[in-house]
Amino acid sequence: MSWISLVLSFLGLWSNVRCDVNKYENYTLIRLFPETTSQLENITRFEDVDNQVEILKQSRGINDSLDLIVPPNKLDYVQSYAQNTNLTYEIKRRNYGRSFESPERVPRRRLLRGLNVFEYNSHAAIQDYLDTVAKRHPDLVRLQVLGTSYQGRVMRLVKISTNPSAGNPIIFIDAGIHAREWVAPAMALYVIHRLINDPEAKNDLNGVDWYILPVVNPDGYEYTRNSRNNRLWRKTRSKHANCYGVDGNRNYGFKWAVSGVSYNPCNKETYAGPEPFSEPETQIVRNIMMENAKRMKLYVSIHSYGQYLVYPWGYTGDFLPKEWKKLDSLARAVSDAIQRVGGQPFKVMSAGKWYPAAGGSDDFAFGAVGVPYSYTMELTDGYEFVYPEPLLRKVLPQFYEGFRVMGNQIRKEFSNIRNRKFAVYRF
């Protein structure tokens with residue numbers, strides 16, 4: 001290569017770095033609030049035909065905001081829309097990109113001291129941690145290789161049990177189907193950490209097996225970690241037409257694509273895929289559920305943000321499942337437990353009342369697999385998808401108290417003692 005080519009190459013790399021640093025720095029985080037039913041209808045119709053305005057969060061009801069990331073050339077458009085529809089307009093943050101953590105190499109001190117559960121860790125570091133805990137706690141932890149992601153990253157299920165042969169009821173937790181929601185894998189990893197290392201967790205493991213998949217979408221997760229440009233990526237990284245990615249939480253094969261989805265492969269947010277379970281990642285979650293359907297009694301998919309705990313149905317807000325009171329009651333007990341230790345309460349409702357969206361994993365678990373309790377848990381509020389790492393040490397233990405309540409309910413309702421009595425009676 002000539003020296004001229006080397007210089008041009010260097011300039012190109014430098015240009016890419018500068019572009020990466022500056023992409024969101026002039027963008028503005030704007031919230032629009034509906035205060036009446038008619039305003040709520042107007043806010044659901046918001047769209048940007050140029051797809052330059054990024055929707056971070058849809059409004060879920062009156063006084064619940066529509067959160068938008070707006071480039072400078074679209075500020076007048078959003079302001080005019082708010083004025084014409086009488087929506088309350090709030091600028092929450094200017095130069096939104098400055099809230100992103102700078103992409104950087106993992107410091108050497110992190111590599112030397114190992115993984116910290118109160119940090120945002122790479123998929124590779126998480127896998128190394130799982131190897132470590134499985135070796136240190138062979139009496140509690142087993143790892144099951146599930147397959148690989150679209151780009152070939154190995155996905156493994158963590159099985160935590162004091163007696164794997166007992167046929168205990170299973171709680172299945174997954175996280176990170178949406179790439180930008182970093183707090184979700186952090187929460188899943190913290191649950192693993194507590195179940196293995198906390199002496200009081202013996203009670204949480206008594207008669208209940210915990211299956212945990214920390215990162216459902218490792219390709220997208222790593223993509224968001226590469227640079228600020230990619231930090232708000234949501235979907236998988238499969239290729240469809242000339243665009244990338246599918247919204248994994250619109251890709252499950254129960255009432256697929258009947259509401260709240262896009263059929264456009266280039267849609268940044270809610271493309272449902274060319275068919276149900278088009279993604280290897282959602283196929284893996286489906287397989288876990290189907291293989292353990294008889295024992296699986298609770299499913300939780302961890303997301304962010306907004307501090308919501310929602311249950312089926314997600315594909316419609318017109319009606320509820322007949323079991324909705326049980327789902328609602330447990331969700332409120334979880335919220336109460338988190339409040340008692342200083343955490344913020346969850347907003348509890350059916351997912352469809354929140355906003356209808358079909359093809360979600362919670363609906364599939366409940367409606368197709370028959371899991372009695374199924375939830376989507378949206379963690380944290382106030383920082384959108386860029387939740388500050390230093391705050392994890394405070395909030396993760398608070399949220400864990402909610403999982404403890406779930407474990408107690410599953411133990412109480414589906415204990416092995418009850419199953420053994422049933423077996424004696426039957427035979």
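1. A good place to start in this predicted model is Arg31, which is buried, with a relative accessible area of 13%. The salt-bridge partner of Arg31 is Glu384, and their closest N and O atoms are 3.6 Å apart. Because Arg31 belongs to strand E1 (residues 28-33) while Glu384 sits in the loop between strand E14 (373-378) and helix H13 (392-414), the pair ties together parts that are 353 residues apart in sequence. Glu384 is buried too, at a relative accessible area of 1%.

2. Next, have a look at Arg404 and Asp204, whose side chains form a salt bridge with an N to O distance of 3.0 Å. This pair also links distant parts of the chain: Arg404 is in helix H13 and Asp204 in helix H7 (residues 201-205), 200 residues apart. Arg404 counts as buried at 16% relative accessibility, and Asp204 is buried with a relative accessible area of 3%.

3. Arg404 and Asp204 are also members of a salt-bridge network. Joining them there are Arg194, Asp198, Glu200 and Glu401.

4. A further pair worth finding is Glu269 with Arg234, which meet in a salt bridge at 3.9 Å, N to O. Glu269 lies in the loop between strand E10 (243-244) and helix H9 (280-291), and Arg234 in the loop between helix H8 (218-226) and strand E9 (239-240), so this contact ties together parts 35 residues apart in sequence. Both Glu269 and Arg234 are buried.

5. For the wider picture, how many salt bridges does a search of the whole structure find? The search gives 23.

Terms used: Residues are numbered from 1 along each chain as its sequence is written. This is a predicted model: local features need pLDDT of at least 70, side-chain atom pairs count only at pLDDT 80 or more; totals for chains, interfaces and linings use all residues. Side-chain values use heavy atoms; hydrogens and water are left out. A salt bridge is a side-chain nitrogen of Lys or Arg within 4 Å of a carboxyl oxygen of Asp or Glu. Helices (H or I, at least four residues) and strands (E, at least two) are DSSP runs, numbered from the N terminus. Buried means under 20% relative accessible area, exposed over 50%, partly exposed in between (1.4 Å probe, protein chains only).
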